[in-house]
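Colleague: I would like to learn how to read a structure like this one, feature by feature. Could you take me through it slowly?

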Amino acid sequence: MRADAARNLERVLSTGARMLADDPSATIAAIAAEAGVDRRTVYRRFASREDLMAAVYGARYDAVEEAVEAARLREAPVAIALHRYVEGIIAVNRRWPVETSRMLREVTILQRRRRLVDEVDAFLRRAVDEGLLRSDLPPGWAATVLPPLMEHAAENLPELSAAQAADVVVDTLLRGVGTPQAH
């Protein structure tokens, strides 16, 4: 793919993600106009709105996979890997703000997601084994509370960088929201 075509595709996909998050009925023509490309260019690439949405979901999931890989969940020290993971996912959620329940109905995304869920679950077990996370909580509890924390930070802390928002999420995960008790 030519460099300009790749840039146009990236603009269409990221613009589509943002616009569809704001208005699920956004048209291909509106997305093309906002992305600064001719709508015929978009229609040549995507036969339907559903095809465009599937491409947006695929691009978002590519970014999720890159964030998980960059966090080095298996080999980095657990506290560092946790922060890298959270920061990466917050950045993905901001760049690709698609409604994830619709995205997860895509069969190809579900298949890719299973592998990443297993990897994150193994990492969270490692975090328990190494004493970063509590061992007295129900199994899977950290995996249940972490995604909504990252999603809320991405959406509700726009004034913070992804790294700063990750600081808030990791601190909340590790220490909760209660006031510190005097010892």
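Modeller: Let us begin with a pocket, keeping in mind that this is a predicted model. The residues that line the second largest pocket divide into 14 nonpolar, 4 polar and 4 charged.

Colleague: How does one find such empty space, and how much of it lies in the second largest pocket?

Modeller: The general idea is that rolling a probe the size of a water molecule over the atoms shows where empty space is left. Here the second largest pocket holds about 470 Å³ of space, and among its 22 lining residues Leu-133, Arg-134, Leu-137, Trp-141 and Ala-142 are the closest to its centre.

Colleague: Which elements give two or more residues to the lining of this second largest pocket?

Modeller: Those elements are helix 7, helix 8 and helix 9, and the largest share of the lining, 5 residues, comes from helix 8.

Colleague: Let me step back to the whole chain. How many helices and strands are there?

Modeller: The chain has 9 helices and 0 strands, and, taken along the principal axes, its C-alpha atoms fill a box of roughly 65 × 30 × 30 Å. One can also ask how far along the sequence the contacting residues lie: of the contacts with a separation of 6 or more, 69% join residues 24 or more positions apart.

Colleague: What share of the residues counts as buried, and where should I look for the nonpolar ones?

Modeller: Of the 183 residues, 37% count as buried. In soluble globular proteins, nonpolar side chains tend to be buried together. In this model the largest nonpolar core has 55 residues, and those with the most contacts inside it are Tyr-85, Val-86 and Ile-90. At least two residues of this core are supplied by each of helix 1 (3-22), helix 2 (28-35), helix 4 (49-71), helix 5 (78-95), helix 7 (107-129), helix 8 (141-156) and helix 9 (162-175), with helix 4 giving the largest share, 11 residues.

Colleague: What does Ile-90 touch, if residues up to four places away in sequence are not counted?

Modeller: Ile-90 touches Met-150, Ala-153, Ala-154, Ala-162, Ala-165, Ala-166 and Val-169.

Colleague: How should I read a single residue, for example Ala-81: is it buried or exposed?

Modeller: Ala-81, which has its place in helix 5, counts as buried because its relative accessibility is 0%, and the cut-off for buried is under 20%. Leaving aside neighbours within four places in sequence, Ala-81 is in contact with Ala-71, Arg-72, Leu-73, Ala-76 and Phe-123. From Ala-81 to Val-68 there are 13 residues in sequence and 9.2 Å in space, C-alpha to C-alpha.

Colleague: Arg-72 is one of those contacts. Where is Arg-72 found, and what is its phi?

Modeller: Arg-72 is found in the loop between helix 4 and helix 5, and it has a positive phi of about 55° although it is not a glycine. With a relative accessible area of 37%, Arg-72 is partly exposed.

Colleague: And in which helix is Tyr-57 found?

Modeller: Tyr-57 is found in helix 4, where it counts as buried at 5% relative accessibility. Tyr-57 and Glu-106 are 49 residues apart in sequence, and their C-alpha atoms are 8.3 Å apart in space.

Colleague: Lastly, which residues does the UniProt annotation "domain: HTH tetR-type" cover, and how do I set it beside the model?

Modeller: That annotation, from an unreviewed entry, covers residues 6-64, over which the chain is 81% helix and 0% strand, with the end C-alpha atoms 20 Å apart. UniProt, again in an unreviewed entry, lists residues 27-46 for "DNA-binding region", and over residues 27-46 the chain is 75% helix and 0% strand, with the end C-alpha atoms 12 Å apart.

Terms used. Residues are numbered from 1 along each chain as its sequence is written. This is a predicted model: local features need pLDDT of at least 70, side-chain atom pairs count only at pLDDT 80 or more; totals for chains, interfaces and linings use all residues. Side-chain values use heavy atoms; hydrogens and water are left out. UniProt positions are given in the numbering used here, feature names are shortened, and annotations may be inferred rather than shown by experiment. Helices (H or I, at least four residues) and strands (E, at least two) are DSSP runs, numbered from the N terminus. A nonpolar core is a set of buried Ala, Val, Leu, Ile, Met, Phe, Trp, Tyr and Cys residues joined through side-chain atoms within 4.5 Å. Buried means under 20% relative accessible area, exposed over 50%, partly exposed in between (1.4 Å probe, protein chains only). Contact means heavy atoms within 4.5 Å. On a 1 Å grid over the protein atoms alone, a cavity is a set of points where a 1.4 Å probe fits but cannot get out, and a pocket is an open set with protein on both sides within 12 Å along at least five of seven lines; lining residues have an atom within 4 Å of a point. Grid points are joined across faces, edges and corners, and a volume is the space filled by probe spheres set on the points. Ala, Val, Leu, Ile, Met, Phe, Trp, Tyr, Cys and Pro count as nonpolar, Asp, Glu, Lys and Arg as charged, and the others, Gly among them, as polar.
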